[in-house]
Amino acid sequence: MQMTPILTLTLIAASAVTAQRFVDWAGNDAAADEDSPGVANYAAATGSAFAVNVLGTAKVTAGGAIAVGGPIKVGALGKAIAQGGTGTIIARAVTAAAAD
């Protein structure tokens with residue numbers, strides 16, 4: 001899948017950030033069920049600036065199986081997981097995914 005970012009913001013990493021994971025506003029990999037502004041474009045060391053896709057399509061690491069069009073929420077370590085009826089939907093899958 002190709003990324004199509006519409007809006008990208010810059011955050012400062014509060015801790016090491018992993019590429020293609022959901023992040024929080026403080027600049028960390030997002031925790032499970034946490035609200036997220038978007039997906040880190042690339043890895044970043046603590047204190048470094050990094051780009052976050054906040055609107056558009058982005059590649060994100062899957063933490064489990066996700067169906068095409070399925071609702072996504074944040075799983076452990078900022079990975080995308082199927083929303084499964086509970087938790088905040090933060091995205092929809094453009095393609096099917098399996099756990100990394």
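**View 1. Four strands form an open sheet in the order 1-4-3-2.** The model shown is predicted. Pairing in this four-stranded sheet is antiparallel. Strand 1 and strand 2 are the edge strands, and each pairs on one side only. Strand 1 covers residues 4-12. Strand 4 covers residues 49-57. Strand 2 spans 22-23, and strand 3 spans 38-40.

**View 2. Strand 1 and strand 4 run antiparallel and are joined by eight bridges.** Two of the facing residue pairs can be picked out here. Thr10 has Ala51 of strand 4 as its bridge partner. Ile12 is matched with Ala49, also in strand 4. In a regular strand, side chains alternate between the two faces of the sheet.

**View 3. Strand 3 meets strand 4 in the antiparallel sense, over two bridges.** Ala40 stands opposite Val52 of strand 4. Ala40 can also be located relative to Leu9. The C-alpha atoms of Leu9 and Ala40 lie 9.7 Å apart, with their positions 31 residues apart in sequence.

**View 4. Leu9 sits in strand 1.** Its side chain is on show in part: Leu9 is partly exposed, because its relative accessible area is 32%, between the 20% and 50% limits. Which residues does Leu9 touch, leaving aside those up to four places away in sequence? They are Trp25, Phe50, Ala51, Val52 and Val54. Val52 is also the residue opposite Ala40. Ala51 is also the bridge partner of Thr10.

**View 5. Five residues make a nonpolar patch on the surface.** The members are Ile6, Leu7, Leu9, Trp25 and Leu55. Together they have about 520 Å² of accessible area. Strand 1 supplies the largest share of the patch, three residues. Leu7 is placed in strand 1. Leu7 is partly exposed, at 39% relative accessible area. Leu9, another patch member, has a value of 32% and is likewise partly exposed. Trp25 belongs to the patch and is in contact with Leu9.

**View 6. Three strands form an open sheet in the order 6-5-7.** The pairing is antiparallel. Strand 6 and strand 7 stand at the edges, each with a single partner strand, so one side of each has no neighbour in the sheet. Strand 5 covers residues 71-74. Strand 6 covers 80-82, and strand 7 covers 91-92. Strand 5 and strand 6 pair over three bridges. Val74 faces Ala80, which is in strand 6.

**View 7. Lys73 and Asp33 form a salt bridge.** The closest N and O atoms are 3.2 Å apart. Where in the chain do Lys73 and Asp33 lie? Lys73 is in strand 5, while Asp33 is in the loop between strand 2 and strand 3. The pair links distant parts of the chain, 40 residues apart. Is Lys73 buried or exposed? Lys73 is buried, because its relative accessible area is 10%, and the limit for buried is under 20%.

**View 8. Lys79 and Asp100 meet through their side chains in a salt bridge.** The N to O distance is 2.9 Å. Lys79 lies in the loop between strand 5 and strand 6. Asp100 lies in the segment after strand 7. This pair, too, links distant parts of the chain, with the two positions 21 residues apart. The two partners contrast in accessibility. Lys79 is buried, with a relative accessible area of 15%. Asp100 counts as exposed, at 62%. How many salt bridges does the count give? It comes to two.

**View 9. The whole protein chain has seven strands and zero helices.** From the N terminus on, the elements run β-β-β-β-β-β-β. The radius of gyration is 12 Å, close to the 13 Å of the globule rule for 100 residues, so the chain is as compact as a globular protein of that length. Along the principal axes, the C-alpha atoms fill a box of roughly 35 × 25 × 20 Å. Of the 100 residues, 33% count as buried. The accessible surface comes to about 5100 Å², and 59% of it belongs to carbon and sulfur atoms. Among contacts between residues at least 6 apart in sequence, 50% join residues at least 24 apart.

Conventions. Residues are numbered from 1 along each chain as its sequence is written. This is a predicted model: local features need pLDDT of at least 70, side-chain atom pairs count only at pLDDT 80 or more; totals for chains, interfaces and linings use all residues. Side-chain values use heavy atoms; hydrogens and water are left out. A salt bridge is a side-chain nitrogen of Lys or Arg within 4 Å of a carboxyl oxygen of Asp or Glu. Buried means under 20% relative accessible area, exposed over 50%, partly exposed in between (1.4 Å probe, protein chains only). Patches are made of residues with over 30% relative accessible area and no salt bridge: like charges are joined within 9 Å, nonpolar side chains (Val, Leu, Ile, Met, Phe, Trp, Tyr) within 5 Å. Accessible areas come from the Shrake-Rupley method with a 1.4 Å probe; for residues, only the protein chains shown count as cover. Contact means heavy atoms within 4.5 Å. Two strands pair if DSSP finds at least two bridges between them. The radius of gyration is taken over C-alpha atoms; the globule rule is 2.2 Å times the number of residues to the power 0.38.
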